[in-house]
Amino acid sequence: MTVNVFQAALLGLFACLASMPGMGGTSIGNYTLGRPLVAGLVVGLILGDVTLGIIVGAAIQVVYIALVTPGGTVSADVRAACYIGIPLAMMAINAQGLDPNSTDASALATTLGATCGTLGAILFYGTATINLVWQSIGWKALENGQTHKLYVVDMVLPWISHILCSFIPTFAIVYFGQDMVDVIMSSLPMDGLPMKTLFAVGSLLPCVGIAILLKQVISKPTDFLTFFFGFTLAAVLGCNLIACSVIACFFALINFQISTIKSKLAHVGTSGSLTAGSDDDDEEDI
């Protein structure tokens, strides 16, 4: 698999749109184009292998399923994991002739994605640092009452930051990535200790993503049953994600109805106790 100039330029453009201070906006850019599962589809369309792109994107998505950026603190940049990591992983899988659905292919994809995501944090802070210059220009324009300049500060100047820290790195790494992948694969044979270590580490990365997600949403031990039930459906019954989602909606409806009934009973119980208390007061007064 090779990447031409036009494909590399498209990947660089989507990296700009999906970056954390998203040129595509928070909803469309960061939380849509910047998600590995969606990026896998985009990269697959650009490189001409949609199936492999989605498989690689899904593998990397598990690692970053619970990634948040509280206060601008970024441990990894999903933009780099998406539009640098996914293309490199697709090239590596093709170069090694791996089955995209195999464990080795998934481990290779998650490892490359996580590596690019960690290195991409530098790109994020570089973008944020350069944007400080545009912010200072905006503040000066605001202090001088030149509000018309704010459109340039908001819509034009940030593209410079993203071209420098998103487009150019993505274009260069992806365009010359096949050569680097060939060198790495020829230097590190599949049966060697480095590659086996790489696959072992990559196989553990999805567990880290799931563990972070559980840490955020689990408040009591019984909450684990929800996750165990979903895995049981997938493993025992062979349900895919769509089937599991439909079943989950059914149980969510049941839970909502039960919670509504409990709320009504609690309200009736409170109202009844208040009424009884007022009757007792009246009897005492009599």
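Author: Helices are DSSP runs of H or I of at least four residues, strands are runs of E of at least two, and both are numbered from the N terminus. The structure above is a predicted model, in which local features need pLDDT of at least 70 and side-chain atom pairs count only at pLDDT 80 or more, whereas totals for chains, interfaces and linings use all residues. Residues are numbered from 1 along each chain as its sequence is written, and side-chain values use heavy atoms, with hydrogens and water left out.

Reader: How many helices and strands does the secondary structure of the chain come to?

Author: Read along the sequence, the pattern of the chain is α-α-α-α-α-α-α-α-α-α-α-α. The secondary structure accordingly comes to 12 helices and 0 strands.

Reader: What percentage of the contacts in the chain with a separation of 6 or more comes from residues 24 or more positions apart?

Author: Contact here means heavy atoms within 4.5 Å. With that cut-off, and counting the contacts with a separation of 6 or more, the share from residues 24 or more positions apart is 74%.

Reader: What share of the area that the chain exposes is supplied by carbon and sulfur atoms?

Author: Accessible areas come from the Shrake-Rupley method with a 1.4 Å probe, and for residues only the protein chains shown count as cover. The chain exposes about 16200 Å², and the part supplied by carbon and sulfur atoms is 70%.

Reader: Which helix gives the largest share of the largest nonpolar core?

Author: A nonpolar core is a set of buried Ala, Val, Leu, Ile, Met, Phe, Trp, Tyr and Cys residues joined through side-chain atoms within 4.5 Å, where buried means under 20% relative accessible area, exposed over 50%, and partly exposed in between (1.4 Å probe, protein chains only). The largest such core has 37 residues, of which Val56, Tyr83 and Ile86 touch the most other members. At least two of its residues come from each of α1 (5-18), α3 (36-47), α4 (50-63), α5 and α6. The largest share, 13 residues, comes from α5.

Reader: At roughly what angle do the axes of helix α5 and helix α6 cross?

Author: The axes are lines fitted to C-alpha atoms over the stretch in contact, and angles run from 0 to 180 degrees between N-to-C directions. The crossing is right-handed, meaning that the near helix is turned clockwise from the far one by less than a right angle. Helix α5 (residues 78-96) and helix α6 (residues 103-143) have axes that come within 7 Å and cross at roughly 145°.

Reader: Into how many nonpolar, polar and charged residues does the contact of α5 with α6 divide?

Author: Among the residues that meet are Ile84, Leu88 and Ala92 in α5, and Leu108, Leu112 and Phe124 in α6. Ala, Val, Leu, Ile, Met, Phe, Trp, Tyr, Cys and Pro count as nonpolar, Asp, Glu, Lys and Arg as charged, and the others, Gly among them, as polar. The contact of α5 with α6 divides into 14 nonpolar, 5 polar and 1 charged.

Reader: How far apart in space are the C-alpha atoms of valine 56 and glycine 113?

Author: Valine 56, in helix α4, counts as buried because its relative accessibility is 2%. Beyond four places in sequence, valine 56 touches Ile86, Ala89, Met90, Ile93 and Ala109. Glycine 113 is 57 residues from valine 56 along the chain, and their C-alpha atoms are separated by 9.1 Å.

Reader: What is the relative accessibility of alanine 109?

Author: Alanine 109 is found in helix α6 and, leaving aside neighbours within four places in sequence, is in contact with Val56, Ala59, Ile60 and Ala89. Methionine 90, 19 residues from alanine 109 in sequence, lies 7.7 Å from it, C-alpha to C-alpha. Alanine 109 counts as buried, because its relative accessibility is 1%.

Reader: Why does threonine 170 count as buried?

Author: Threonine 170 lies in helix α8 (residues 158-175), and, not counting residues up to four places away in sequence, touches Leu11, Gly12, Ala15, Tyr83 and Ile84. Tyrosine 83 has, among its contacts beyond four places in sequence, Leu11, Phe14, Val42, Thr170 and Val174. Threonine 170 counts as buried because its relative accessible area is 3%.
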